[in-house]
Amino acid sequence: MEVRDRQGAVGEAHGKVILVGEHVVVYNKPAIAIPFPLSIRAIVKEHMGEISIDSSMYVGNLGGMPSKMLGLAQTIYRCLELCQQPKEGIHIKIESEIPMGRGLGSSASVATAIVRGIYNHFQKPLLEEELYSLVEIAENYAHGKPSGIDMRTVTSEEPIFYQKSQGSSCLASPKPFYMVVADTGEIGDTKTAVAHVNELRQQRLSMINAIIDEIEAIVWKAKDAILTGDSKLLGNLLLMNHENLKKLEVSNLMLDHLVETAMRAGALGAKLTGGGMGGCIIALTKDMTDARKVGEALIKEGAKTVWYFSTHSKELIRIKR
Ligand code: MEV
């Protein structure tokens, strides 16, 4: 969504949660992700001199960005080139509700919000493929060789079924699913996690390929479970997917502890979400009452923040420690 008002031109994007198939999606296998209703806004205003940034990670000129954010700087420069503007004269303020490094899509979301904000500022129409190619610059820098699922989900209003070589398609369910997302508070680095799986695969090719194939089979079954609204089956599949992610060595003690806690508290299934090695878990529940129960148990057992929601509503309820 883009808005232009007296406060400046605004670009916005939401977060994402991967239901099943993270990591294998890098190897051109399918995965399923849903929009997560926390958002990032980039407010772009005219300003004299060098491009400046105001964000929770960095405040200052674009030229002095920390190395972690250089991909974003490249995206911004490319936007200005495509808008036929000089590489100066704008101020970008970033307001984010999405915690960073938790597998919730903050890097794809911030890049998307910035691109939309800049195009909106210069009143240039933004084609979908142009948006993806601009966001990809920042994502390639942040994640190495991302599958592209994050940027597709943060720009989608619906759950998506995604495969690198096929692109994404919407996955509408006849019934709502009830989801809990719990943050361990630990930062997980997706680039490191993806590199670790790649290394494992090089060391034990047939064993890791067999796990990748098992996850692929889970994703296809999860697609059917979503299309038929079968939350019990989907829950079982989440748990199976978590067991496979453990074998890929991207889980850790806290993620496993929160998955077990969610199951003991009555979840239908639970797993880590995103790159892993920190970040968040998701749990599926029968209804909103169970979602609250599971959420409270997760907070009691160490989660820093818990959100729960129905996939058919935009309302997000947060429980904080
Ligand atoms: C990160 O959100 C998901 C991964 O599968 C990486 C990717 O798809 O680029 C771990």
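Author: Domain bounds come from an automatic or database domain assignment. The model discussed here is predicted.

Reader: What makes the ligand lie between domain 1 (3–168) and domain 2 (174–320)?

Author: Both domain 1 (3–168) and domain 2 (174–320) contribute residues to the shell around the ligand, so the ligand lies between them.

Reader: How many residues surround the ligand, and which are the closest?

Author: The ligand is surrounded by 13 residues, the closest being Lys 16, His 23, Pro 146, Ser 147 and Asp 150. By class, the shell comprises 6 nonpolar, 4 polar and 3 charged residues.

Reader: Why is the pair formed by a polar side-chain atom of Ser 147 and an oxygen atom of the ligand called a polar contact?

Author: The two atoms are 2.5 Å apart. A polar contact requires a pair of N or O atoms within 3.5 Å, so the pair qualifies. For Asp 150, an N or O atom of the side chain is 3.0 Å from a ligand oxygen, and that value also satisfies the cut-off of 3.5 Å. At His 23, a polar backbone atom lies 2.9 Å from an oxygen atom of the ligand.

Reader: How much of the ligand does the protein bury?

Author: The protein buries 97% of the 300 Å² that the ligand exposes when taken alone.

Reader: Which pocket does the ligand take, and which elements give two or more residues to its shell?

Author: The ligand takes up the space of the largest pocket. Two or more shell residues come from each of β2 (8–20), α4 (149–154) and α5 (190–203).

Technical notes
Residues are numbered from 1 along each chain as its sequence is written. This is a predicted model: local features need pLDDT of at least 70, side-chain atom pairs count only at pLDDT 80 or more; totals for chains, interfaces and linings use all residues. Side-chain values use heavy atoms; hydrogens and water are left out. A residue is near a molecule or strand if one of its heavy atoms lies within 4 Å of it. A polar contact is a pair of N or O atoms within 3.5 Å; within protein, one must be able to donate a hydrogen and the other to accept it, and residues adjacent in sequence count only if both atoms are side-chain atoms. Accessible areas come from the Shrake-Rupley method with a 1.4 Å probe; for residues, only the protein chains shown count as cover. On a 1 Å grid over the protein atoms alone, a cavity is a set of points where a 1.4 Å probe fits but cannot get out, and a pocket is an open set with protein on both sides within 12 Å along at least five of seven lines; lining residues have an atom within 4 Å of a point. A molecule sits in a cavity or pocket if more than half of its atoms lie within 2 Å of its grid points. Helices (H or I, at least four residues) and strands (E, at least two) are DSSP runs, numbered from the N terminus. Ala, Val, Leu, Ile, Met, Phe, Trp, Tyr, Cys and Pro count as nonpolar, Asp, Glu, Lys and Arg as charged, and the others, Gly among them, as polar.
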